[in-house]
Amino acid sequence: MEHVPVVIVGAGPTGLTAALMLARRGIGCVVLDRFAQPYPLPRAVHFDDEVFRIFAGLGLAGELARISRPAPGMQLVDPGLRVLAEFTRDPVGPHGFPQANMFHQPDLERLLRARLARLPAAAIRGGISVYDVEQPPSGPVCVRYRSADSGAEGEVWADAVLGCDGANSVVRSSIGALWEDLGFQQRWLVVDAVSAVPLPAYDGVQQVCDPRRAATFMMVTPGRYRWEFRLDAGPAPEVLPRIRPWLGGTDPGALSIQRQAEYTFRGAVAERWQDRRVFLLGDAAHLTPPFIGQGMCAGIRDAANLTWKLAMVLDGRADERLLATYESERRPYAKTMIRMAMLIGWVMTGGSRRSAPLRRAMLRTVTKLPGVERRATTVAWPALGRGPLVGRGGGRLCPADLEPRLGDGFTLTDPGTPRALLIRPDRIVAAAGRHADPGLPAAAGVAISGL
């Protein structure tokens, strides 16, 4: 019987990040994925400064900067691509990195895999299709799989299983978790293209604010572009007439369409994210419309929240109660983010054809008011929920300038002073400020890194 401490199902960005975080803490893990190599086509294209900061904590800042580019912001435009409003993004946000970053997902997955290959505690097995996860009343969890090439079946036993296997998650089905529908479902066509010559278009993100023909355009990385078009009932339209407004005088023959696929954008969260030692992360746990670019970001936050807790429990330095804080902290946060994406999506593309001119006039007027751009580009992300280390007022991530001192520990900060209580999982290494006594309860507003 093969046994490993942790099996991770799915080698997308969430699964690979979780593996890195566990392996860096010395926790053995095996990642099982149905693809033998990184998926070659683009999927996620954006991450924010908080997620950049998480990757930087894994030692990936320099390499990540080389495969991504800061996005200048977003334009809201009418069907003729006339600008209604423009929101800029800071090149250095509150977490110390660009607030908006565009990237090609296969590049990110290759980067994460290369870093994971240097860690002896982790391994990736591709061409493996997981078809069952069984959790006995006690003892390890059994993961059954089938080889994509030979059809041979096998199994591996683990102390914990992380389901990072996407919206159609086998792991989610194994624990019987149903979707909680948040009331959003739209059919969109996604088109990814590579151009031999730069397009004469805005190099950020453009959102066409039109309820009849809503669309999104973005330059991903130099030479790579994406369009998204909301579809009505019936067959998808031809691509070229839809993308022509962004081509200017560019010969359509210079474009190579890499992918065009229909997606159903949904807002939903799994009704539960944990069954004893089986956990759901990423799209296996939540689905969000893409309007605020938080799909992949939410999965990376899941990994950052769960892995240090799981490592402590598997090492015997914490009991099972710590694992219950994963769902109680992350699920309400993710649900709030999804509702925010749904609201912003409706503001930009919802309503009726009759109300569209009124909305465009309101956007032009409101965005000229002082302070609106700052508020719009610094969205009030929800506070971290109350927990063992978070008081009634909720919490925020600790200041970015503390990051070099943290290592793989976690931090309590007093919002009224820059002094902090630095804690390792096994001991206090530094203490200052009025909450230096570890016996004192956490104050409202405490910030916790790794949540």
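How many bridges join E1 to strand E2, and in which sense do the two run? Before I answer, please keep in mind that what we are looking at is a predicted model. The answer is that four bridges join E1 to E2, which covers residues 29-32, and that the two strands run parallel. If you look for one place where they meet, you will find Val9 standing opposite Leu32 in E2.

E1, which spans residues 3-9, has a second partner, because strand E11, residues 153-163, pairs with E1 in the parallel sense over six bridges. Here Val7 is the residue that stands opposite Val161 in E11. Going back to E2, the path from E1 passes through helix H1, residues 13-24, and these three elements together make a right-handed β-α-β unit.

E1 is also mostly covered, with five of its seven residues buried. That brings me to the largest nonpolar core, which has 72 residues, and in which Val6, Val7, Ile8, Leu32, Phe55, Leu162 and Phe279 touch the most other members. Helix H7, residues 295-314, gives this core its largest share, namely eleven residues. Separate from it there is a second core of 18 residues, and Leu199, Val208, Met219 and Tyr225 are among them.

Phe55 deserves a moment of its own: leaving aside neighbours within four places in sequence, Phe55 is in contact with residues including Leu60, Leu64, Leu108, Met296 and Ile300.

Finally, a word on cysteines. The structure holds zero disulfides. Cys29 counts as buried because its relative accessibility is 2%, under the 20% cut-off, and Cys209, at 0%, counts as buried too.

Notes: Residues are numbered from 1 along each chain as its sequence is written. This is a predicted model: local features need pLDDT of at least 70, side-chain atom pairs count only at pLDDT 80 or more; totals for chains, interfaces and linings use all residues. Side-chain values use heavy atoms; hydrogens and water are left out. A disulfide is a pair of cysteine sulfur atoms within 2.5 Å. Buried means under 20% relative accessible area, exposed over 50%, partly exposed in between (1.4 Å probe, protein chains only). A nonpolar core is a set of buried Ala, Val, Leu, Ile, Met, Phe, Trp, Tyr and Cys residues joined through side-chain atoms within 4.5 Å. Contact means heavy atoms within 4.5 Å. A crossover is right-handed if, with the strands pointing away from the viewer, the path from the first strand over the helix to the second runs clockwise.
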